[in-house]
Amino acid sequence: MVSTEFRPYQISMKHQGTKHDNQILTQMRMWLVYHPPGLKDLELQLRNIKSDSTFDLVCKVLHVCEGPSGEWIFYVWDGTDTPATELQTLLDTEAVTPTPLHPEEAPLPREVLCTLPCVGTVLRVFSNRFSKEILHLQKDIYWARFCNITCKQEFGMWKGSLLPSSRIRLLSSEDGSVIERLKTFNGRFATQVHREPMASLHTASDITDVEFKRAGYTTLMESLTHGQVTHKFKTLVRVVAAYPCQGKELHSLLTGDYCLRLTLEDPTARIHAYVHKDNAVSFFGGFLTLAALTRKMNRLLGVPEPEDDAEEGMAGGRNPPWIWCCLKSYRLDKYDPWGSRRYRIFGTEIRD
């Protein structure tokens, strides 16, 4: 409860209060409401965010829209990648329907998607209240400082939220914090290896072999915004889900008319990609036993090795490795090429 009294509890004999003094006191009281002491950790970049911490974020607001539940969604970017998340060991892959940027909502229209950067994470920040800054952000793209916001992991992805104490301050393109972030991003974009996921640097695994060894690196967003429906490229991703993922069902892929659906992610997007029946044998490296198939799939998904007599399927954390793979996009319907666009994995083999 903010006090509105202007009666001093202690006063000098020579003090003469004015209306201007009362206005300043009101402004100071309101500032404390929106900037409570002891809550903010520090100013962070997206690459340093932590769950359930409160911080400031200097970022470029790329898009603002109203969500299906009436909340406002800000799509923000600062040129860095959010940290890779730890996932559940047991994942109901049928309940997760990943799409570019966010899993539980309809994807952004293509005309909006194509305006987003192809390197660096675009984070969604949610707000339950309208603010006057939204009117400016809907008309143009601005840099802004989000004060006292928080983040958490949801569906294995980062989600930002505005708190009752949060504020949005629009920044000039000449602001020192903006210039610093642009300088950092330009240095990253100029070097091929630094364009790769920050979390993968020095940790990319060698559990896959790919045909396009000399091909350059392409982010998922670069392919999603590619000018043509069909596109072949090499990328560096994590396999965050698979369907089917159990040994018996996997074994039927090698002999039946089935395909394997993998959910792939990098810092820019999350998509489905399919291993068709004619690529299944080469993808797994031959006609393998049930145990060998399960072992390879667990390596892709980052499922830890069972210890002692631990129950099979016990819930826990997993951290999928970063793997190289070759992808190509295609269409299912020539009359709706973009709406029916799909991805398949080819030229990729899981090593023993």
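1. Is Lys296 buried or exposed? Lys296 counts as buried, because its relative accessibility is 4% and the cut-off for buried is under 20%. This value, like the others in this note, comes from a predicted model. Lys296 lies in helix α9, which covers residues 290-301. Leaving aside residues up to four places away in sequence, Lys296 touches Phe284, Gly285, Leu288, Ile350, Arg351 and Asp352.

2. Next, the protein as a whole. The secondary structure comes to nine helices and 15 strands. Of the 352 residues in the protein, 46% are buried. The accessible surface is about 19,300 Å², and carbon and sulfur atoms account for 52% of that surface. Among contacts between residues at least 6 apart in sequence, 69% join residues at least 24 apart.

3. Strand β3 deserves a closer look. The strand spans residues 72-77, and because six of its six residues are buried, β3 is largely enclosed by the rest of the structure. In a regular strand the side chains alternate between the two faces of the sheet. In β3, Trp72, Phe74 and Val76 point one way, while Ile73, Tyr75 and Trp77 point the other way. The residues on both sides are all buried.

4. What does β3 pair with? Strand β2 (residues 54-66) is joined to β3 by six bridges, and the two run antiparallel. Strand β5 (residues 123-127) is joined to β3 by five bridges, again in an antiparallel arrangement. Ile73 can be followed into both pairings: Cys65 stands opposite Ile73, and in β5 the bridge partner of Ile73 is Phe126. The hairpin of β2 and β3 has five residues between the strands, and in this hairpin Gly70 takes a positive phi near 90°.

5. Strand β10 can be read in a similar way. It covers residues 260-266, and seven of its seven residues are buried. One side carries Leu260, Leu262, Leu264 and Asp266, and the other side carries Arg261, Thr263 and Glu265. Both faces of β10 are covered. A student should note that the buried residues of β10 include Asp266, Arg261 and Glu265 as well as Leu260, Leu262 and Leu264.

6. The partners of β10 are β9 and β11. Strand β9 (residues 231-243) is joined to β10 by five bridges, and the two run antiparallel. Within that pairing, Ala242 has Leu262 as its bridge partner in β10. Seven bridges join β10 to strand β11 (residues 269-275), also antiparallel. Here the bridge partner of Leu260 is Val275 in β11. β10 and β11 form a hairpin with two residues between them.

7. Now the charged side chains. How many salt bridges does a search of the whole structure find? The search finds twelve. One of them pairs Glu43 with Arg145, with the closest N and O atoms 2.4 Å apart. This pair links distant parts of the chain: Glu43 is in strand β1 (residues 42-44) and Arg145 is in strand β6 (residues 142-154), 102 residues apart. Glu43 counts as partly exposed because its relative accessibility is 36%, whereas Arg145 is buried, with a relative accessible area of 17%.

8. Glu43 has a further partner. Arg181 forms a salt bridge with Glu43, the closest N and O atoms being 2.9 Å apart. This pair too joins distant parts of the chain, since Arg181 is in helix α4 (residues 176-189) and Glu43 is in strand β1, 138 residues apart. Arg181 is buried, with a relative accessible area of 5%.

9. Another salt bridge joins the side chains of Glu222 and Arg195, at 2.6 Å from N to O. Glu222 lies in helix α6 (residues 220-224) and Arg195 in helix α5 (residues 192-195), so this pair ties together parts that are 27 residues apart in sequence. Glu222 counts as partly exposed at 23% relative accessibility, while Arg195 counts as buried at 8%. As for the earlier pairs, shared partners join Glu43, Arg145 and Arg181 into one network of salt bridges.

10. Last, the cysteines. How many disulfides does the structure hold? It holds zero. Cys147 is buried, with a relative accessible area of 3%, whereas Cys259 counts as partly exposed at 36% relative accessibility.

Notes. Residues are numbered from 1 along each chain as its sequence is written. This is a predicted model: local features need pLDDT of at least 70, side-chain atom pairs count only at pLDDT 80 or more; totals for chains, interfaces and linings use all residues. Side-chain values use heavy atoms; hydrogens and water are left out. A disulfide is a pair of cysteine sulfur atoms within 2.5 Å. Buried means under 20% relative accessible area, exposed over 50%, partly exposed in between (1.4 Å probe, protein chains only). Helices (H or I, at least four residues) and strands (E, at least two) are DSSP runs, numbered from the N terminus. Contact means heavy atoms within 4.5 Å. Accessible areas come from the Shrake-Rupley method with a 1.4 Å probe; for residues, only the protein chains shown count as cover. Two strands pair if DSSP finds at least two bridges between them. A salt bridge is a side-chain nitrogen of Lys or Arg within 4 Å of a carboxyl oxygen of Asp or Glu.
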